[in-house]
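Here is a quick tour for anyone meeting this protein for the first time. Have a look at the fold, then read on for a few places worth finding.

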Amino acid sequence: MRRRDFTLGLGALALAGCATRPAARADDLLVFAYFTTGKGEADGLKLAVSEDGFAFRTLAGGRSLLVPQVGEKKLMRDPYLFADKGVYHLLWTTAWEGVTIGHATSRDLVHWSPQRAIPVMQDVPGTRNCWAPEAVRDPATGRHILFWSSTVDGRFTETAGTSESGYNHRLWSVSTADFETFSAPAPLYDPGFSVIDGTFAQAPGGGLYLIVKDETVQPPHKWLQVAKADSPTGPFGPLSPPFSPGWVEGPMSAQVGDALLCYYDVYKEGRWGAAMTRDMVTWTDVSARLTMPAGARHGSLLRVPRALVAAIV
């Protein structure tokens, strides 16, 4: 396939000239962006907040703060919230099958820009899906790496048939400097098995790590593992042994005290779990300490100023 950039008309987003948001402060709160299943997929973005990283309460009475309007099925699954230059960005899964991911921006998490469906995989024949998009800034280039999981028919045939419904995922990515022009999509991470729900985490002592879910169903894995990342585009070190039980998804992480917590959706049991580490090697199950919003599914975490959270009513 010929590599090229593609451009999306996002002029209304006007990111240039925005002041850079300060680093997280000690009194910032941990905000959880999530969706709920069923009708909630079309209701859109829900938010919750935590003082201590364990007990979360819903914001805005549990109502949606952004109703999805774009993409193949106009759904919102797997919302990923991040901040850049004074602007909050949201990425999300727009459909079970398709080539787009959703994107919108806000300054207060209540009022949002017009939504866009970014056609990240439109030029890759055989693409079936774009799931769980996230973003990370590459310090070497200053560009953002947008990444997600896709199955592309005819690719990575050595693991064909190891996931449900003929899926055979790898992590793919594009990069952007302005959220208007994007590089051509390319595989980001191939661990030799079907992999979804990639997310980056900063270790408590420093260093970047990639957390992924092994989507292999025969024999059943469905667990989380972690690999050291030299940069957001690799190279990546060897994967750790699983640190979660099987049949989980949607890992998201946050620094809580002197430890890193990785939260995950135990979707078959309708609950959340979490594991804590201080060295990215030894993990302790702290699931019993969690209080999560009813019905919350795969989402993301971000430190947000207390005053902004207080204004979300």
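## A salt bridge between two loops

Arginine 128 is tucked away: its relative accessible area is 19%, and because buried means under 20%, arginine 128 counts as buried. Keep in mind that this is a predicted model. The side chain of arginine 128 meets that of glutamate 97 in a salt bridge, with 3.4 Å from N to O. The two come from distant parts of the chain, 31 residues apart: arginine 128 sits in the loop between strand 8 and strand 9 (131–137), and glutamate 97 in the loop between strand 6 and strand 7 (101–106). Glutamate 97 has 38% relative accessibility and is partly exposed.

## Another buried arginine

How many salt bridges turn up in a search of the whole structure? The count is 13. One of them joins the side chains of arginine 170 and glutamate 158, at 3.6 Å from N to O. Here too the pair links distant parts of the chain, 12 residues apart, with arginine 170 in strand 11 (residues 169–176) and glutamate 158 in the loop between strand 10 (144–151) and strand 11. Is each partner buried or exposed? Arginine 170 is buried, at 0% relative accessibility, whereas glutamate 158 is exposed, with a relative accessible area of 55%.

## Glutamate 215 and its network

Next up is glutamate 215, which forms a salt bridge with lysine 222; their closest N and O atoms are 3.0 Å apart. Glutamate 215 is buried, at 7% relative accessible area, and lysine 222 is buried as well, at 1%. Salt bridges also tie these residues into a network made up of Glu164, Lys213, Glu215 and Lys222.

## The second largest pocket

Glutamate 215 has another role in this tour: along with Trp96, Trp131, Ile196 and Glu249, Glu215 is one of the residues nearest the centre of the second largest pocket, which has a lining of 21 residues. The space inside comes to about 340 Å³.

What kinds of residues make up the lining? There are seven nonpolar, five polar and nine charged ones. Strand 5 (77–84), strand 14 (195–202) and strand 21 (296–304) each bring at least two residues to the lining.

## The sheet that starts with strand 5

Strand 5 also belongs to an open sheet of four strands, in the order 5-6-7-8, with antiparallel pairing. Strand 5 and strand 8 (116–118) are at the edges with a single partner strand each, so one side of each has no neighbour in the sheet. On average, neighbouring strands here are turned by 30° against each other, direction ignored.

Zoom in on strand 5 and strand 6 (residues 87–93), and you'll find an antiparallel pair with six bridges. Phenylalanine 82 stands opposite histidine 89 of strand 6.

## Backbone oddities

Most residues other than glycine have a negative phi, and most peptide bonds are trans. A few spots here go the other way. Lysine 222, in the loop between strand 15 and strand 16, has a positive phi, near 60°. That loop also holds proline 219, joined to glutamine 218 by a cis peptide bond with omega about -10°.

The loop between strand 16 and strand 17 (249–256) is home to proline 235, and a cis peptide bond with omega of about 0° joins glycine 234 to proline 235. Tryptophan 247 lies in the loop between strand 16 and strand 17 too. Its phi is positive, about 60°, and tryptophan 247 is partly exposed, with a relative accessible area of 26%.

Key
Residues numbered from 1 in each chain as written. Predicted model: local features only at pLDDT ≥ 70, side-chain atom pairs only at ≥ 80, totals over all residues. Heavy atoms only, no water. 1 Å grid on protein atoms, 1.4 Å probe; cavity = no way out; pocket = protein on both sides within 12 Å on 5 of 7 lines; lining within 4 Å. Points joined across faces, edges and corners; volume = space filled by probe spheres on them. Nonpolar A, V, L, I, M, F, W, Y, C, P; charged D, E, K, R; others polar. Pairing = 2+ DSSP bridges. Axes fitted to C-alpha atoms, helices over the stretch in contact; angles between N-to-C directions. Salt bridge = Lys/Arg side-chain N within 4 Å of Asp/Glu carboxyl O. Buried < 20%, exposed > 50% of the residue type's maximum accessible area, 1.4 Å probe, protein only.
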